[in-house]
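Hi,

Here is the structure I promised to pass on. Have a look at it first, and my notes on what turned up follow below.

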Amino acid sequence: MDDPSVDELLMGDPSSSVLSDRLLSDQEALTESRSYTRLMDADLRARLQLRRPTSSRTISNKSTENGFSVWDIRNLEYATEVDDNLMCPICHSPFVSPAALKCQHIFCRQCLSEALSHQQDNKTCPTCRRPTSSNSMVALPKVICRMLEELRVKCPLAFRGCNEIIPRGNVQTHLDRYCGYEEVLCPSEDCDQYLPRRLAGKECLHEPLPCPDCGEEVSLLNLNNHRMGSCKVAEIICTDCSSSVPKSMYEDHITSCMETVLKCTASKYGCDFTAKRSVMQEHIESCALVKLAPTIALQNDRLGEHARALKHLQQKNAVHEAFLDTVKDTLATIASADLATSSLPSDSAAPFDSPLSHLLSLHEALREEVSRVSAAVSDLDAKTDTAFLNSSLRAKEEAAHRDAVLAQLRVQLQWLVSSRLQGIHAARAGAGALGISDTRRNSNDAESSSARPLPSTRRGSDGLGNGGREKL
Amino acid sequence: MASAAAGLLGRQLKQMQTDKDIPGISCGLVDDNVFEWEVMLMISDEDRHYGGGFFRARLTFPEDYPLMPPKMKFESPIFHPNSIQFSSPDTDSANLGSSSKVYPNGEVCISILHPPEEDKYGYESASERWSPVQSPETILLSVISMLGSPNDESPANLEAAKMWREDPKEFRKRCRANVRASLGDE
């Protein structure tokens, strides 16, 4: 990560003045050589185009090809969160030169054609599986493509230390021209090696030089790494006691340097005390928190254990509650089914607190129903009574009328019979003398009997007239 | 090419590990290899047969993922019409019919895990097979739903499929035994 800058290279080497002078002059040369660099960049780009067709940028951003970074647009890290709707459903990264199918599903052009090429003869949309063909792809409007190219990404060389955030469309330009961490061809004409752009001056940094400490041949580019790493002799200045310590001893030195400022060992439990190591021992012996530290740690462990147990129990509880809810639901559905079958005319929808109150209210409703029915029954009774009375009255009158008619008929019959009898008697008187007195007597009888029915006939006709009128 | 798949898998794994909306699925890598996932399926209690079980499975992704489907294999014993049962080799060969031999033990046989261009079994139409828009998440959700309602049309475990159809009680018993075993593994 830490590629040495020119300044670091300079500072790390106080002893070799020759080298530092050279580097200083190189740094001045760097500013002068901008135009040269630009020329070189143009040259590089031309070479890039030859070497690297744009479609083959699909290798991990960790690999380099002859010093030049080869990066995969799908592995770029986005600086901001990208809307989910802009994600290709196949590669799950924001669309790269998107293409749409007839069914309006959108994919990266490359993803889509690869997916279609893996299908059999009947090509279908990967999302909705509607039939389609590889030549029915339609590019998306330029506006959308531009917006996608403007998404901000981190430089693919972020792992080397570049902190630039750039629009996605400019990544190649950034790498080709500006990124200080991109490897470029060494400016020296004799050298065909590469070095980070930010270190590229006029001078070749690959030339082997003796290490000022151990004398081993090291290139200037690697000098700092060498002195920090493999060089056994180089001395490091302790930042605390400012004594220079050989690198091999340095590890031991930092853990024992008396000048190092330390925090109290109980600092995580609230002790703010800081002091040099030489004084610290005294503090530790008197600090109450240090003495408490083991207990506190134990307590913390226990608390953690309890929290875990609690979490476990809570999860269990949640499961049980969910179960209880389902049980309640089923009970409620059963109760409502009961209500529906009982088909009460009123109040059936009212919620009931308990089965008992439910039954009580049912009972009450039924009682009301019964009283209503009995009232209706007595009403009907009265109605039928009056109707019966009315019809029987009429029948009685008719019967009386019939009686009257019958009596009249009987009178008439008697009169007719007696007149006939008189006729017979008269015929007998004409036949014998003895019979005259009889005839007279009979005729008297007939007269008296004929005199009697007349008024009764009149009365009968009257009665008849009355009956007819009544009938009308 | 291979690293495009690796990048995609890395992103999907990260997303699944950070996503809190997926209940009952946890996943990680086997030997830090992004093409080998170890997943743990926690089946919800509502499932009649496997409810409450913890089943370990392994997803193996091909180099050309997502164009080709991953393979999924249960590592916990599971008795199910659509996954080859763990059993000793002799019963294994006795149980398995012609097509099922293709799979080693525990492998899951569902249509969305079958590559799009071939249909060895002639059972399912292309519309049910792998599509690159599927993700590990959708696969695992399908598998969980497969556990709840097996597809006995194309069984991988003939015995299980037969029992599922003809003797549901015994089938359930075998499943509960799996669940208990999976909890014992913990």
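The buried residues of helix α4(A) are covered in part by β3 and β4 of chain A, which are among the elements lying over them. Keep in mind that this is a predicted model. The residues I mean in α4(A) are Cys111(A), Leu112(A), Ala115(A) and Leu116(A), which are buried. They sit on the same side of α4(A) because they span an arc of only 125 degrees around the axis. This fits the general rule that an α-helix has 3.6 residues a turn, so residues three or four places apart point the same way.

The helix itself, α4 (residues 109-117) of chain A, lies across β3, β4 and β5 of chain A and runs at about 95 degrees to β4(A). Those 3 strands make an open, antiparallel sheet in the order β4-β3-β5. Its edges are β4 (106-108) and β5 (138-139) of chain A, each pairing on one side only. Between β3 (residues 98-100) of chain A and β4(A) there are 3 bridges, in the antiparallel sense, and Pro98(A) stands opposite Cys108(A) in β4(A).

Since you will probably ask about the cysteines: how many disulfides are there over all chains? The search of the whole structure came back with 0. Cys108(A) is one to look at, because its sulfur is 3.7 Å from the closest cysteine sulfur, in Cys91(A), and that is too far for a bond; the cut-off is within 2.5 Å. Cys179(A) tells a similar story: the closest cysteine sulfur belongs to Cys162(A), at 3.7 Å, again too far for a bond. As for burial, Cys108(A) has a relative accessible area of 0%, and Cys179(A) is also buried, with 0%.

Now over to chain B. Here 4 strands form an open sheet in the order β1-β2-β3-β4, with antiparallel pairing. The edge strands are β1 (25-30) and β4 (71-74) of chain B, each with a pairing on one side only. From one strand to the next, the twist averages 25 degrees. Helix α3 (residues 136-148) of chain B packs on this sheet and touches β1, β2, β3 and β4 of chain B, with its direction at about 35 degrees to that of β2(B).

Going strand by strand, β1(B) and β2(B) run antiparallel and are joined by 6 bridges. They form a hairpin with 2 residues between them, and in the turn Asp31(B) has a positive phi of about 55 degrees. On the other side of the pairing list, β2 (residues 33-42) and β3 (residues 54-60) of chain B are antiparallel over 7 bridges. Trp37(B) is a handy landmark: it is the bridge partner of Leu29(B), and its own bridge partner in β3(B) is Leu59(B).

Trp37(B) turns up once more in the largest nonpolar core, which has 39 residues. The residues with the most contacts inside this core are Trp37(B), Leu41(B), Tyr50(B), Met72(B), Phe74(B), Leu140(B) and Val143(B). Two or more residues each come from α1 (2-18), β1, β2, β3, β4, α3, α4 (158-166) and α5 (168-185) of chain B. There is also a second, separate core of 33 residues, which includes Tyr78(A), Cys91(A), Leu112(A) and Leu157(A). Leu112(A) takes us back to the start, as one of the buried residues in α4(A).

Cheers

Methods:
Residues numbered from 1 in each chain as written. Chains lettered and ligands numbered in written order. Predicted model: local features only at pLDDT ≥ 70, side-chain atom pairs only at ≥ 80, totals over all residues. Heavy atoms only, no water. Buried < 20%, exposed > 50% of the residue type's maximum accessible area, 1.4 Å probe, protein only. Pairing = 2+ DSSP bridges. Axes fitted to C-alpha atoms, helices over the stretch in contact; angles between N-to-C directions. Contact = heavy atoms within 4.5 Å. Core = buried A, V, L, I, M, F, W, Y, C linked by side-chain atoms within 4.5 Å. Arc of directions from axis to C-beta.
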